[in-house]
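Trainee: I've got a model open and want to go through its unusual backbone spots with you. Can we take them one by one?
Mentor: Sure, load it up.

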Amino acid sequence: MTELKIGVIGGGQLARMMTVPAINLGLTLKVLAEAENSPAALATTMVGDYNNVEVVRAFAKTVDVITFDHEHVPLDVLRALEADGVSVQPPSRALAFAQNKLAMRVRLTELGLPCPDWAEIHDAKSLDAFIVDHNGVAILKTPIGGYDGKGVRVVRSSADASDWLSEATLKKVGGHLLVEEKVDFVRELAQLSARTPSGEFLAWPLVQTTQRNGVCSEVLAPAPGASQATLEQAAEIAKQVSQGLGVTGVLAVEMFETADGRLLINELAMRPHNSGHFSIEGSTTSQFEQHLRAVLDLPLGSTEARAKHAVMVNLLGVDDKNDFLPSYNAALSQVPSAKIHTYAKTARLGRKMGHVTVVADSAETALAEARLAAQILHGN
């Protein structure tokens, strides 16, 4: 077999973390980065605008398959590649649902999958009617462009969204907004899985996630106290989503768990995901290795846990100066169990700058040690 070449569009931390498993699998990883000195600089072979079809076409000629660090490449660009005969994984028909939350809700509902109550909004009247029908509060989302808490707003009347309901803003987001019930949940969960183009499917254990200001701050694997029924239901939901939407590669299904034990789908990500970073040390096969295997239609690796518990704590930027490197040695010394990943990003408040993972036989031990390492790295 000749050495296979995988092209990744986007030079962020996800492409960066694909580099090591690509080497271990004997693959060549090539990255189309948006700028010089991106986090994935070691694998960057081209710098250019992924919105330009000719730039992406030129990059595609150097690889066997195209995949992604993010989901923002225009569908018209991807469809042009597919028309050229390029293998795009996940394909444009699947990414359409990741790029548009309203289209996602429509399709998931058609598939009979559990979602919060939702509606398409065009004006203040329809928004106010939905809010009245849902106990005076709702979650309003822009269907395109939002991530990590951006493009999401709690509203109690249309006055809370007058700017989003303006003609100019509606035009930017496709002419409509998505409104959803504000779910009374007890915790947030994420189900990570992978699927190949030929249909092989495997899931990792369900994880619990904690958000801070709309950004994931901690992940506990497996989700504490989850019943066997919940574990099986979450994995089945992920399988139905991946099959029903035609997803290939890694898929993350973020869910709410309600007090009565129901699971409701919140968001989808069709790529390696923050909730799966624990798998680098915590699983037989990491999400990054699995994604590479999946998009090339290679046999998937085991998703079995390598320890009873794995905890990941994100390193979120505290200002525009601390890149977490000044305290790196101290964290390694004081918490030798911690595996510290930094993303080579310029410091910025709230930015995902890296993460810490600890695996242990005790969830309490893993969480305490991961938090301690993160605290040291934050300079506290």
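Trainee: Where does P90 sit in this predicted model?
Mentor: P90 is in the loop between α3 (75–83) and α4 (92–99).

Trainee: What makes the peptide bond from Q89 to P90 cis?
Mentor: Look at omega: for the bond running from Q89 to P90 the angle is near 0 degrees, and that bond is cis. Worth a look, because most peptide bonds are trans.

Trainee: How do you know that the bond joining A221 and P222 is cis or trans?
Mentor: Omega again: about -5 degrees between A221 and P222, so we call that one cis. As for location, P222 falls in the loop between β12 (215–221) and α8 (228–245).

Trainee: What about N37, why does its phi get flagged?
Mentor: Phi at N37 is positive, about 60 degrees, and N37 is not a glycine. Most residues other than glycine have a negative phi. You'll find N37 in the loop between β2 (28–33) and β3 (44–47).

Trainee: Why is N37 called buried or exposed?
Mentor: The cut-off for exposed is over 50% relative accessible area. N37 has 70%, so N37 counts as exposed.

Trainee: And what is the phi of F324?
Mentor: About 75 degrees, positive, and F324 is not a glycine either. F324 is placed in the loop between β15 (309–316) and α11 (328–334).

Trainee: How do you know whether F324 is buried or exposed?
Mentor: Buried means under 20% relative accessible area. F324 has 0%, so F324 is buried.

Definitions and conventions
Residues numbered from 1 in each chain as written. Predicted model: local features only at pLDDT ≥ 70, side-chain atom pairs only at ≥ 80, totals over all residues. Heavy atoms only, no water. Helix = DSSP H or I, 4+ residues; strand = E, 2+ residues; numbered from the N terminus. Buried < 20%, exposed > 50% of the residue type's maximum accessible area, 1.4 Å probe, protein only.
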